[in-house]
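Hi,

Here is the structure I said I would pass on. Have a look at it first, and then read my notes below.

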Amino acid sequence: MTALADRIHEIRTRISVACEACGRAADSVEILPISKRQPASLIREAGELGFTRFGENYVQEGSAKALELPHLDFVLTGPLQRNKAKPAMQAFREIYSLDRPELATRLRHLAEELDLVCKVWVQVDLWGETTKVGGCPEDGLPVLMDALGNDARLPLQGFMAIPPPENPEAFAAVTHLRAVWQDRLGQPLRISMGMSDDLEAAIAAGSDQVRLGTAFFGSRTMAP
Ligand SMILES: *Cc1c(COP(=O)(O)O)cnc(C)c1O
């Protein structure tokens with residue numbers, strides 16, 4: 001097996017152990033490989049192993065890879081500035097970092113102008129000062145959801161979160177938030193949380209998708 005296939009095998013083992021520990025089915029957790037600062041050759045190899053969707057953190061880097069690897073889909077998991085919204089929508093199938101109403105308004109205008117559909121995830125930060133990774137605070141969500149509306153061009157997938165590690169309650173807070181908003185919106189919502197170092201805690205709390213960079217690809221080799 002290649003080093004990449006080895007790492008993927010290890011990840012799958014970790015996920016099934018974590019699922020078993022909390023009584024979930026191993027296939028209830030999706031892997032989203034995060035390919036930021038990884039070379040296109042390695043992403044191509046992951047594509048050959050059956051992965052078709054990759055998360056990128058920088059609009060420019062991700063757009064270049066989307067052009068180079070047109071048979072694969074790329075999604076944006078890194079922060080999005082308003083002035084990069086247009087190239088982002090052109091390159092990425094999904095945007096994970098919707099975290100403020102102005103950005104929702106901008107994405108809606110662009111989706112209409114460009115005549116495209118882009119799935120969106122709302123990034124939440126329920127922990128304020130402790131993380132500083134971006135995200136909408138809980139009390140900002142009603143305004144953000146209003147701005148997003150029920151726009152068929154921007155179908156809402158769920159919540160993306162980066163909880164501070166080693167605090168099980170931080171992970172559980174996202175699951176609670178999901179339940180509240182599923183009720184309010186009357187639609188199923190998914191949770192994307194858990195990275196290379198904390199996927200077990202995220203799965204125990206109910207995450208549907210783990211975003212794995214280094215555990216999947218190895219250490220990041222390209223300059224940021
Ligand atoms: C880099 C990154 C990841 C993956 O991080 P690893 O620790 O390498 O698994 C996941 N999500 C986001 C938003 C990231 O920026």
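Let's start with what packs around helix 6. Its buried residues are covered by, among others, strand 4 (94-98), helix 5 (101-114), strand 5 (119-124), strand 6 (156-161) and helix 7 (168-185). Keep in mind that this is a predicted model.

So which residues of helix 6 (residues 141-148) are buried? They are L141, L144, M145, A147 and L148. These residues sit on the same side of helix 6 because they span an arc of only 160 degrees around the axis. A bit of background helps here: an α-helix has 3.6 residues a turn, so residues three or four places apart point the same way. Now turn to the other side of helix 6, where you will find V143 and D146 exposed. Just after helix 6 comes G149, with a positive phi of about 65 degrees.

Next, the ligand. The residues surrounding the ligand are I34, K36, N57, T77, I162, M195, S196, R211, L212, G213, T214 and R220. Three of the polar contacts are worth finding on your screen:

- R211: a polar side-chain atom lies 2.9 Å from a nitrogen atom of the ligand.
- T214: a polar backbone atom is 2.8 Å from an oxygen atom of the ligand.
- R220: an N or O atom in the side chain is 2.8 Å from an oxygen atom of the ligand.

How much of the ligand does the protein bury? On its own the ligand exposes 380 Å², and the protein buries 89% of that.

Cheers

Key. Residues are numbered from 1 along each chain as its sequence is written. This is a predicted model: local features need pLDDT of at least 70, side-chain atom pairs count only at pLDDT 80 or more; totals for chains, interfaces and linings use all residues. Side-chain values use heavy atoms; hydrogens and water are left out. Buried means under 20% relative accessible area, exposed over 50%, partly exposed in between (1.4 Å probe, protein chains only). Helices (H or I, at least four residues) and strands (E, at least two) are DSSP runs, numbered from the N terminus. The arc is that of the directions from the helix axis to the C-beta atoms. Contact means heavy atoms within 4.5 Å. A residue is near a molecule or strand if one of its heavy atoms lies within 4 Å of it. A polar contact is a pair of N or O atoms within 3.5 Å; within protein, one must be able to donate a hydrogen and the other to accept it, and residues adjacent in sequence count only if both atoms are side-chain atoms. Accessible areas come from the Shrake-Rupley method with a 1.4 Å probe; for residues, only the protein chains shown count as cover.
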